[in-house]
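These are my notebook entries on ring contacts and overall layout. I record below what I looked up, entry by entry.

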Amino acid sequence: MMTGNELRESYLKFFESKGHKILPSASLIPVNDPSILWTAAGMVPFKPFFTGEAKPDHLRVTTCQKCIRTPDIEEVGRTPRHHTFFEMLGNFSFGDYFKESAIPWAWEYITEHLGLPPDKLWITIYLDDDEAFDIWHRVVGVPEERIVRLGKDTNFWEIGVGPCGPCSEIYVDLGEEKGCGGPNCTAGCDCDRFLEIWNLVFIQFFRDEEGNYTPLASKGIDTGFGLERVASVLQNVPSNFDTDLMREIMDYTAELFGLEYGREDKVDTALKVIADHCRAITFAISDGALPSNEGRGYVIRRLLRRAARFGRLLGIEELFLYKVVGAVVRQMGAVYPELEERQDHVLGVIHNEEKRFSATLAQGTEMLSRLMAEAKEHGTTVISGAHAFKLYDTYGFPLELTQEMAGEEGFSVDTDGFHQAMEGQRQRARSARRETDYISEQGALFRELREELGETNFVGYQTLTAPARVLAILQKGQRLSTAQTGAEIEFILDATPCYGEAGGQAGDQGRLTGSDLEVVIENVTRPVENLIVHQGRVIKGVLHEQDQVTVEVDKAKRQATCRNHSATHLLHKALQTVLGDHVHQAGSLVEPGRLRFDFTHHQAPEAEDLKKIEEIVNNAVLDDLPIDIFETSIDEAKALGAAALFGEKYGERVRVVQMGDFSLELCGGTHLKNTAEVGLFKLLAESSIGAGLRRVEAVTGRAALEHVRESEEQLAHIAGLVKAAPHEVLRRVQGLLDSNKELEAENETLQARLAKYQVHDLLDRVQPVRGIKVLAGQAAAPDMDSLRGMVDLLRDKLASGVIVLGSATNGRVNLVATVTKDLLKKGLHAGKLIKLVAPVVGGGGGGRPEMAQAGGKDPARLKEALEKVFQVVEAQIKES
């Protein structure tokens, strides 16, 4: 029996023997592609090669790509094949071989190397793809009756504007007993008899915005071979979950809980969900994703909480997901070493998030209790579907948990309404996916311009001034031949010293000059690979296409940007030195005036840690370390220990920035000649920007000096206010705080004495209502807390009765009501009482039967409101 690891290795080695370059899996977080949240297929990292935006280093490639798909999360654990995380093997051709090789190689591999019986294999092709039919039938030898022609909805691959083409799928017949028994049951049927294991996509057309299909001059191959699915066939097990790729994780989880897989459906479903979701969150967090309330972070949070919920449904109350993550790393770490490298970080994030979910679970339980109480007040015992869905969507409550908890209190749940709300969310998600274009209109424009004009020659590493020729002028996406004075434009040059925004570094500013011509360059971007676009305004003369011009970068701003960029490298190393090797860059912004650096860390650094980090950076600056920049192969750079950005895509040749023996990173940005040029590094702020994600902001050089000057001026101003010399300010302020604290304590003592005097006075105002003592009066209380304190004192003195106190402070009214426990059975309710009294003073409020409070904005009517208390109490007694 072939293991999952052996299958993965076998596939890659087979295609290596066919001239393919084996590449490692790309990150689950797509690079430079905001249109999608996750890498959901093997071709995603190669999209620029298929669209023509970039040129591949190798025309033949094979990979095992880690993938996440989440359209049917609720189905995971309930079906044999649904997963959120899976591995997709694939072989790709970028203008090299086509159907004539892709089809026979696929057949050779599955029949000769995997040993699948040919008579169990079925093929689907696109309706009119006669070329594929001929190869399958005449070359490979598949009988005509086992080749099924299907329509565009299943066998034609396209996502909006861009490259597309027909596809051909290979199915395994798992036997009639798995089928639906229908007369038309064949490959492509929705039943479990025919299992798709390989999809061959033939990229041969380009679809334009009008829906026209034009044959591509350079055709491509994109295939997807599901590792877990094929493993289930080779290992002869009923589901993907029963393969060795999943069972080890499930068995560990079962042992952790004292359970056994295969004995009870409820337990099996939970173990499958936990194993699948833990694989997904482990890989995703390892690649830099973090739990949050939006985007991919929301997906991570949802998966993590769903897995935790299934543990709770099995009666597991303690935190456990981080332990299962350890099993995932043991199972997959040899193939994906980044899991072992980042294990501590992943465990920390998951442990903290699961801990937070415990609090969320409590909040959801409280909300459900409130919903049941409100339903009971309205004479119903049904929780609406909308409310059940809110519990599911906001607090992560599964419908089953809501039904169980409601059932214990004699309530039912509107399941039809819940499923309607769920389907509405799914429809919105599907619409969002349909609206996502494969390639943006702007991206298509600049790709076409690059094909026409060629790539931009960037000379800004060597010089800040360069001659250039104007190749194109654009305004709002339209091509112009000239631009008049005052025009705001984009333009493309054959060469430029201006750095185009990339890697977190802002684009350069500068100017373009020529004969009686000047253009201010306000920003520079890189919309597609190797094409630099300048944005600016003509302030003198007329700019023409083909003009010979001179381009000059703003030297002061470039130098300031270089200071900040070089400082981020020093900062990155300092963070790792102080906080740990798990710290990795998660984003950055480098501008002339400041730098911002995001990094992975699951708690706020201590003030002493930040002080050490700042000191380490400034020591590296004072050490005057040389900054050497060189190009090498990606493998050599990794061997040297160069740090790479999470999820970043690198070519065969990379640029390495070395700062003495202190820092070594892959980077395409601009830098100083030595660290001393940073001048001064000053941290300004540190904050959280998400679970497990921190941000620091800092300044360097002149901006740092200006910050120090401003701080000194503020210190001098404070010194003047407290009448002390600057070096005595701290002692003086501490003295003032201590004195203020003493005065506050004295004030509280006096307030307490005053309250006692008021209590004695108020007790004289108690009036009986149908034998019940009722006190309603105005008190001198500065805030709601003081008013509640007085009510507590009065309740203790009164022993049994109803108390409502009101106070007026700064144009606002505070009201507090209490009913002693012995009177609740007589129908008295503090919350209902306050709801009827508060509107008199233009306010509202509520609370529990024993205690309630309210606010108002009309102090002039406070007396009237307090007089109404007696009427309301009498009415409540009558109703009971």
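**Entry 1: charges over rings.** I worked on a predicted model throughout. I first looked up Arg149 and found its charged end over the ring of Phe133, at 5.1 Å from the ring centre. I then turned to Tyr252, whose face has Arg330 lying over it, 5.1 Å from the ring centre.

**Entry 2: aromatic pairs.** I next asked how many aromatic pairs there are when ring centres must lie within 6.5 Å. The count comes to 29 aromatic pairs. I examined Tyr11 and Phe225, whose ring centres are 5.0 Å apart with planes at 35 degrees. This angle is neither under 30 nor over 60 degrees, so I entered the pair as tilted.

Where do Tyr11 and Phe225 lie in the chain? I located Tyr11 in helix H1, residues 4-16, and Phe225 in strand E9, residues 213-226. The two are 214 residues apart, and their pair thus links distant parts of the chain. I also noted that Tyr11 and Phe225 are both buried.

**Entry 3: a stacked pair.** I looked up Phe156 and Phe205, an aromatic pair with 6.5 Å from centre to centre and 20 degrees between the planes. The pair is stacked, because planes under 30 degrees apart count as such. This pair, too, links distant parts of the chain: I found Phe156 in strand E6 (residues 156-157) and Phe205 in strand E8 (residues 194-207), 49 residues apart.

Is each ring residue buried or partly exposed? Phe156 has a relative accessible area of 12%, so I classed Phe156 as buried, the limit being under 20%. Phe205 has 22% and is therefore partly exposed.

**Entry 4: a ring cluster.** I followed the ring pairs from Tyr11 and arrived at a cluster that links Tyr11, Phe14, Phe15, Tyr109, Trp198 and Phe225.

**Entry 5: the whole chain.** I then read the totals. The protein chain has 24 helices and 35 strands. Its C-alpha atoms fill a box of roughly 105 × 80 × 50 Å along the principal axes. Of its 880 residues, 49% count as buried. I recorded an exposed area of about 41,300 Å², of which carbon and sulfur atoms supply 47%.

For contacts between residues at least 6 apart in sequence, I noted that 68% join residues at least 24 apart.

Finally, I looked up the charges: there are 99 positive and 131 negative side chains in the protein chain. I recorded the centres of the two sets as lying 6 Å apart.

Note on methods: Residues numbered from 1 in each chain as written. Predicted model: local features only at pLDDT ≥ 70, side-chain atom pairs only at ≥ 80, totals over all residues. Heavy atoms only, no water. Phe/Tyr/Trp six-rings, centres within 6.5 Å; stacked < 30°, edge-to-face > 60°. Helix = DSSP H or I, 4+ residues; strand = E, 2+ residues; numbered from the N terminus. Buried < 20%, exposed > 50% of the residue type's maximum accessible area, 1.4 Å probe, protein only. Lys NZ or Arg CZ within 6 Å of the ring centre and 35° of its normal. Contact = heavy atoms within 4.5 Å. Areas by Shrake-Rupley, 256 points an atom, 1.4 Å probe, with all protein chains shown as cover. Lys, Arg positive; Asp, Glu negative; His and termini not counted. Charge placed at Lys NZ, Arg CZ, Asp CG, Glu CD.
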